[in-house]
Protein chains: 2
Amino acid sequence: MEKTEKRVSLLLSINAANSLLTKKLDGTLGAIHGIGLTEYMVLNELNNAHEYTVRRIDLADSLGKSASGITRILLPMEKSGLIVKQSNLKDARVSLVKITDAGMEIFNNAHLTVSQKCEQIFAHWNESETVSVLKLLSMLSLR
Amino acid sequence: MEKTEKRVSLLLSINAANSLLTKKLDGTLGAIHGIGLTEYMVLNELNNAHEYTVRRIDLADSLGKSASGITRILLPMEKSGLIVKQSNLKDARVSLVKITDAGMEIFNNAHLTVSQKCEQIFAHWNESETVSVLKLLSMLSLR
DNA sequence: CCGATATGCTTGACTTATCAAGTATATTGG
DNA sequence: CCAATATACTTGATAAGTCAAGCATATCGG
């Protein structure tokens with residue numbers, strides 16, 4: 001197989017890996033904690049953010065979703081009290097999202113589950129392999 | 001960051017990479033060849049298969065989709081003549097899918113586009129890195 | 001200053017895929 | 001043999017996300 005063909009294989013493998021990961025984690029998270037994988041990812045971003053607060057558009061970018069996707073994900077999360085909406089005094093267009101205490105608690109529990117699942121799924125990868133792949137994935141051309 | 005946390009990062013990075021890849025390729029394939037990324041993947045499987053023919057359930061497995069997903073993807077592909085349905089004489093439950101000549105032509109053209117895009121996207125990965133990641137992805141625990 | 005353009009967000013219409021249930025056919029064990 | 005179970009597939013209802021359009025607010029250049 002030549003170089004280009006290997007890259008095409010990579011595309012297909014990444015897609016397959018993502019299907020696998022999504023299915024496993026989404027199912028488990030839903031069953032145990034009542035949230036989906038996307039909701040977990042939102043909580044993760046908020047939990048790591050300065051003052052636990054992020055603009056919706058930045059959330060969209062970091063999760064690889066559209067602005068409208070974020071609107072729709074956040075709606076039920078606000079209803080169930082995992083996050084709160086806050087307006088930005090400096091720019092009235094912006095609406096900020098903040099994780100609540102309840103959200104943090106769910107996140108911390110869910111994070112344990114995700115960690116365990118990841119240990120299982122990536123069981124055959126050693127640490128240096130993991131680090132290399134992380135680095136490579138961060139180098140994908142965004143053009 | 002500890003080992004487990006790196007694995008969780010990996011999950012998020014793979015998800016982000018997949019969003020990126022999907023968006024780029026799906027858009028380009030649709031604009032130039034009138035097919036989606038999933039349709040491309042179907043044609044790719046068929047093109048590599050023995051006698052260009054595959055059972056629907058095997059297609060589902062290899063693409064990481066559900067049986068019903070495959071039914072729904074294949075319907076328009078059959079209408080537009082990219083594939084044909086064939087029944088299996090040995091087992092009346094299975095229905096086989098075969099790529100048509102028209103399907104092959106579309107596939108070959110689309111494959112060129114995909115190859116070029118992959119060259120771009122993975123431009124900073126050298127061959128041995130590509131091969132390593134391919135190998136690692138094939139080692140994900142399927143349990 | 002203000003018209004043109006850009007940014008942030010939401011909504012309606014649509015696409016893609018899932019799950020649960022149903023149908024049809026095969027296989028297996030008593 | 002045939003009842004129970006397993007497999008292949010399709011369908012209806014639903015979930016999750018996209019895009020295009022619209023609205024509100026900001027910023028920029030003449």
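Let's start in chain B, where E1(B) and strand E3 (residues 95-99) pair in the antiparallel sense over three bridges. Within this part of the model, B:Thr53 sits opposite B:Lys98, a residue of E3(B). Keep in mind that what you are looking at is a predicted model.

Now for the sheet itself. Its three strands come in the order E1-E3-E2 in chain B, the sheet is open, and the pairing is antiparallel. E1 (53-55) and E2 (83-87) of chain B stand at the edges with a single partner strand each, so one side of each has no neighbour in the sheet. From one strand to the next, the twist averages 30°. In general, strands of a sheet pair through backbone hydrogen bonds, either parallel or antiparallel.

A helix joins the picture too: H4 of chain B lies across E2 and E3 of that chain, and runs at about 110° to E2(B).

Here are the chain B elements met so far:

| Element | Residues |
|---|---|
| Strand E1 (chain B) | 53-55 |
| Helix H4 (chain B) | 67-79 |
| Strand E2 (chain B) | 83-87 |
| Strand E3 (chain B) | 95-99 |

How do the two chains relate? Turn chain B by 180°, with 0.0 Å of shift along the axis, and chain B superposes on chain A with an RMSD of 0.0 Å. That's the relation of a two-fold axis. Both copies use the same surface, as 100% of the contact residues of chain B recur in chain A.

Over in chain A, an unreviewed UniProt entry places the feature "domain: HTH marR-type" at residues 7-142. That span of chain A is 68% helix and 10% strand, and its end C-alpha atoms lie 16 Å apart.

Note on methods: Residues numbered from 1 in each chain as written. Chains lettered and ligands numbered in written order. Predicted model: local features only at pLDDT ≥ 70, side-chain atom pairs only at ≥ 80, totals over all residues. UniProt positions renumbered as here; feature names shortened; annotations may be inferred. Helix = DSSP H or I, 4+ residues; strand = E, 2+ residues; numbered from the N terminus. Pairing = 2+ DSSP bridges. Axes fitted to C-alpha atoms, helices over the stretch in contact; angles between N-to-C directions. Contact = placed C-beta atoms within 7 Å. Least-squares fit on C-alpha atoms with pLDDT ≥ 70 in both.
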